[in-house]
Structures are given as C-alpha cells and as structure tokens.
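Biologist: I am new to this structure and would like a close look at a single part, the nonpolar interior. Please take me through that part slowly, and then through the elements connected with it.

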Amino acid sequence: MKITDVEAIWVSLSEMKLIADSTQQAVIVRIKTDEGIEGIGETHTAPYVIKAIIETDSSGIVAQGIRSLLIGENPLDIERLWHKMYYYTSRFGRRGAVLNAISAVDIALWDLLGKYTGLPVSTLLGGRFREEVSAYASVLMPDTPEEARDLALEIKAQGFQAAKFGWETLGSDLVADRKRVEAIRKAVGSGFAVMIDIGYGLEVRHAIRLARILEEYDIAFLEEPLSPDNLAGFACLSAATTVPIATGEKETTRFGFLELMERGKVSIIQPDIARAGGLTEVKKIALLADLKGVELIPHCWSNDILVAATVHFIAARPAHCYLEYCLLDNPIRRELIKEPLSAVNGKVSVPKRPGLGIELNEEVLAKLTITQF
Ligand code: MG
C-alpha cells in the first residue's frame, strides 16, 4: 500500500471571534492510498500555517514539506514516518506548528492502520481498559457568581460529575475569582470535581495566592496559571500549594514534556494529541509521565476527530483518566462527523468500528471548507 495524497482541508466558521475557543477552525488531514483506504486526522492551530507546512515545496534536505515526504510511502510504517517528518522538517520545526501538523498526519495514519487491519485504534494501542470514558464538562468562566452558579447547575443536571471553568476574566481579581469559585462549589456540592483554568501567565506570587484560595474549595486542579516557559515558577507554585498544578496544552514532544516534568514539577501534564505530536508521541509522553509519577489528562478542545483519538487513547490507559469535553455547539464541533461523540451522563462511549471509528460528514465538510485564502 502506498500513500497517494495528503490533503490539508481548511475548515472555518463564517465568523471568527478572538476568544479561547479552538473549535472555530481546523485543518482536517485526509491521507489517501492506492488501495482506496483513507485515514483522517486534525489539528486546529492557524490553518494557513498548517497547510503551508504540509503543502510547501522542499527548500533543503531538512526543510521539506510533509506531503512530499509522505507520497509513495507505506502508511503502515507509522513510527518510521513520524521520524521522517520530524527529521526532515527540523530546520523550521521540532516544536510548535510543525508538531501540530505532524500530529494531524499521525492521527490520520493511526485511523488508516485501524481501517486496514479492521481494528479500533484503542485495540492497536494495546487494548481497552474500559468501554466508556468519564468526561469533564469544559466551559469558559462566566463574568458573575450568579452566572457561574447557573452554569454549574446546568452541567450537573446534564449528568456530569466534573467540570472545568476557564479563561475569560479569571486571574485578574482574586476577590472576584473567589466569589465565582465559591458559587460553583456551593451549587454542585461536595463529591463533584471542579477545575480552574487560567490560560495565561500570572505572576508567580499572584498564582500562589489564587491557589491558596482554591484550596478552600477542594479544587481538583489549577490549570496553566503561568507562562508555559516559566518552569522555575511552576516548581515554586507546585511547592507552595496543595492544589495539583496542571499544564501542557501548548507543549509538544517528549522532550518538551520531560523538561516540563523535571523542571516544572507539575502534578498533571496535559498533552493535546492534535498538537503534541499525535498518538505516536503522546504514547511516549505517557510512558515518561508514568515513570515520573505524574498524572496525564489530555487537553481536548476541538472537533470530534480529536475527541475520538483522545477517547481511544484514554480507553487504553490503565489508570482512570478524564476526557475533556467541550460543551460548545457549532458545526465544526458537533456536525463534522456523521455520528457525534456525545457525553451521556458524563460518559462517552469508545467507538467500536475500525480506526477512529468515525466518519466525516462530507456535506458539512464541503460547506465549511475555505478554498480562497
Ligand atoms: Mg487550558
């Protein structure tokens, strides 16, 4: 079997808002073969950049476009192709957007392998420990305690037992943050996991003060309170609070995560399978986390291609691990796949069909595709 094409399809909502919502656009990667079997993957960072990384002509031995590197290759050689992509893009890659592009291709290769063998990705990853995964509802933090309370109640009424509130004005005012977190905890009661996601870089001392407030409300983890590069700050913060510190959605590769764990001393790492290097790389990151005694809870805020990849990955992990489940409802988040992966009573079933076990809705895909840019 040979790869005949690597398509990078840019999808976008008609209106883009500058908010913390990466479901507004994506690049869908479709790998085609001479045997007619196809695999799909996705990433969701700056589609114009991702398309360029995949489609560019080569400008030197270690500055090659991913599409040209893969055409004619056997798609079943996933590990070898990962290294080929990583090595031959190394002058403009090794981290960041190139790893996001490699992630999308890698997910598509695993989907293709599953379709070729007739096995679900979770079986290829070593087998399922569970048939459904526990999801936490992931939402943006409302402005007022009343709105936060109402949202928390709505999430609980949908059957979730865990929720994360993030971004927006969080982190700018300790008093306002306390009020909203207090309202949420009061609304959901004890025994419901509440997480807080800051999403940008606070000062270390401010983050310590916030973490100590959150200790009073039994917060399951505090996510991304500092700049991703402030590893010394993460170590200092982790030592100063009992709230588990989580981060890693902007990090890529096993090298980046090893440094984050060794120097940042965080309790939880959050690789995003569509950013950090795909299933091939996140498997390795998971092994490192296991060896270091660090928990791994993948970041997952995108369309159902990433959700499917993440669900298969979690199903094949021995330890309990939450699925991040974005509650937003737009055509990219909820309609790109024929049978959306919905949370029922806070659980998402692991698809049973070969590969990722999902199918693109070609009509919706065509409507969302950007062809003029
Ligand atoms: Mg986050």
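**The nonpolar core and its surroundings**

Modeller: In the largest nonpolar core, which holds 116 residues, the members that touch the most other members are Val105, Phe165, Ile196, Ile269 and Leu323. Such a core is a set of buried Ala, Val, Leu, Ile, Met, Phe, Trp, Tyr and Cys residues joined through side-chain atoms within 4.5 Å, where buried means under 20% relative accessible area, exposed over 50% and partly exposed in between, with a 1.4 Å probe and protein chains only. Helix H4 gives the most to this core, with 12 residues, and a second, separate core of 9 residues includes Tyr136, Ala193, Ile268 and Ile297. In soluble globular proteins, nonpolar side chains tend to be buried together.

Please keep in mind that this is a predicted model, in which local features need pLDDT of at least 70 and side-chain atom pairs count only at pLDDT 80 or more, while totals for chains, interfaces and linings use all residues. Residues are numbered from 1 along each chain as its sequence is written, and side-chain values use heavy atoms, with hydrogens and water left out.

Leu323 belongs to strand E11 (residues 323-326), from which Leu323 and Tyr325 point one way and Glu324 and Cys326 the other way, and all of them are buried. Helices (H or I, at least four residues) and strands (E, at least two) are DSSP runs, numbered from the N terminus. Strand E4 (residues 132-140) runs parallel to E11 and is joined to E11 by 4 bridges, with Ala137 standing opposite Tyr325. Cys326 also has the cysteine sulfur closest to that of Cys300, but at 8.6 Å the two are too far apart for a bond. Cys300 is buried, at 1% relative accessibility, whereas Cys236, at 38%, counts as partly exposed. The structure holds 0 disulfides, a disulfide being a pair of cysteine sulfur atoms within 2.5 Å.

Returning to H4, we come to an open sheet of 3 strands in the order E1-E2-E3, with antiparallel pairing; two strands pair if DSSP finds at least two bridges between them. Strand E1 (3-12) and E3 are the edge strands, each pairing on one side only, and the twist averages 20 degrees from one strand to the next. Antiparallel E1 and E2 (residues 25-33) are joined by 9 bridges, and the bridge partner of Trp10 in E2 is Val27. Helix H4 (residues 96-117) packs on this sheet and touches E1, E2 and E3 (contact means heavy atoms within 4.5 Å), and its direction makes about 150 degrees with that of E3. Axes here are lines fitted to C-alpha atoms, for helices over the stretch in contact, and angles run from 0 to 180 degrees between N-to-C directions.

Buried residues also take part in the metal site, where Asp197 (OD), Glu223 (OE) and Glu249 (OE) coordinate the magnesium ion at 2.0 to 2.2 Å. Donors are N, O and S atoms within 2.8 Å of the metal (3.2 Å for Na, K and Ca), and water is not among the atoms, so sites may look incomplete. The donor residues are spaced D-x25-E-x25-E in sequence. Asp197 lies in strand E6 (residues 193-197) and Glu249 in the loop between strand E8 (245-247) and helix H10 (253-264), so this pair ties together parts that are 52 residues apart in sequence. Both Asp197 and Glu249 are buried.
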